[in-house]
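Hi everyone, thanks for making time today. Let me put the sequence and the structure up on the screen, and then we can walk through them together.

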Amino acid sequence: MASSSYPTDLSDAQWALIEPYIPAARPGGRPRRVNIRRVVDAIFYLLRSGCQWRMLPNDFPAWGTVWWYFRRWQTDGVWVGLHRALHRQARLKAGREAEPSVVIMDSQSVKTTEKGGFVGSTVTSG
């Protein structure tokens, strides 16, 4: 089936950045018959549109195939690795160090407790 173009589809330049981080087919198994770029396009479509897995348009690979790759890459750490690599590239392109030297957390980022007031017993003299 011919593929349609969606706003979430990767450009050739974007695919060139991402492709090296997508795992190759495992050796010794069946040859990969799915277009892995279309799998990535389908995942981005789903994430951007908010549709359900089973409601992916028919011009993407079967939803079960897309879901399998998404979960596999999630458990294998592919998404985290891809995010870190792209983050480093963006920092370098902006003229910054690849890794940040400081991390800032404020009280809105890290909650210590929901309970207010005194904790423990108080002693009053009297």
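Let me start with a question: among contacts in the protein chain between residues at least 6 apart in sequence, what percentage join residues at least 24 apart? It comes to 58%. Please keep in mind that what you see is a predicted model.

Now the overall layout. The protein chain has 4 helices and 0 strands, and along the sequence that reads as α-α-α-α. Of its 126 residues, 25% count as buried.

I'd like to spend most of my time on helix 2, residues 36–49. Is helix 2 largely enclosed or not enclosed by the rest of the structure? It is largely enclosed, because 10 of its 14 residues are buried. The buried ones are I36, R37, R38, V39, V40, D41, A42, I43, Y45 and L46. If you look at what covers them, you will find helix 1, helix 3 and helix 4 included.

A quick check on the geometry of helix 2, for those of you who like that sort of thing. With 14 residues at 1.5 Å a residue, helix 2 should span 20 Å, and its end C-alpha atoms are indeed 20 Å apart.

Both ends of helix 2 are worth a look too. At the N-terminal end, N35 acts as the cap, with a side-chain oxygen 3.0 Å from the backbone nitrogen of R37. Just past the other end, G50 has a positive phi of about 80°.

Next, the packing of helix 2 with helix 3, which covers residues 63–75. In general, two packed helices are described by the angle between their axes and the distance between those axes. Here, the axes of helix 2 and helix 3 come within 10 Å and cross at roughly 85°. Helix 2 is therefore roughly perpendicular to helix 3. Which residues meet there? On the helix 2 side they are I36, V39, V40, A42 and I43, and on the helix 3 side V66, Y69, F70 and W73. By class, that contact divides into 9 nonpolar residues, no polar ones and no charged ones.

Let me turn to two aspartates. D41 sits in helix 2, and it counts as buried, at 3% relative accessibility. Leaving out residues up to four places away in sequence, D41 touches T8, D9, L10 and F60.

That list brings us to D9, in the segment before helix 1, which runs over 12–18. Is D9 buried or exposed? The relative accessible area of D9 is 16%, and the cut-off for buried is under 20%, so D9 counts as buried. The side chain of D9 also makes a polar contact of 3.4 Å with the side chain of R38. And although D9 and F44 are 35 residues apart along the chain, their C-alpha atoms are separated by 7.4 Å.

Last stop, helix 4, residues 78–93. Helix 4 has 16 residues and reaches 22 Å from first C-alpha to last, close to the 22 Å expected at 1.5 Å a residue. Its buried residues are V78, W79, L82, A85 and R91, and they pack against helix 1, helix 2 and helix 3. Just after helix 4 comes G95, with a positive phi of about 80°.

That's my tour, and I'm happy to go back to any view you'd like.

Terms used:
Residues numbered from 1 in each chain as written. Predicted model: local features only at pLDDT ≥ 70, side-chain atom pairs only at ≥ 80, totals over all residues. Heavy atoms only, no water. Axes fitted to C-alpha atoms, helices over the stretch in contact; angles between N-to-C directions. Parallel < 35°, antiparallel > 145°, perpendicular 65-115°, else oblique. Contact = heavy atoms within 4.5 Å. Nonpolar A, V, L, I, M, F, W, Y, C, P; charged D, E, K, R; others polar. Buried < 20%, exposed > 50% of the residue type's maximum accessible area, 1.4 Å probe, protein only. Polar contact = N/O pair within 3.5 Å; in protein donor to acceptor, adjacent residues only side chain to side chain. Expected span 1.5 Å × (residues − 1).
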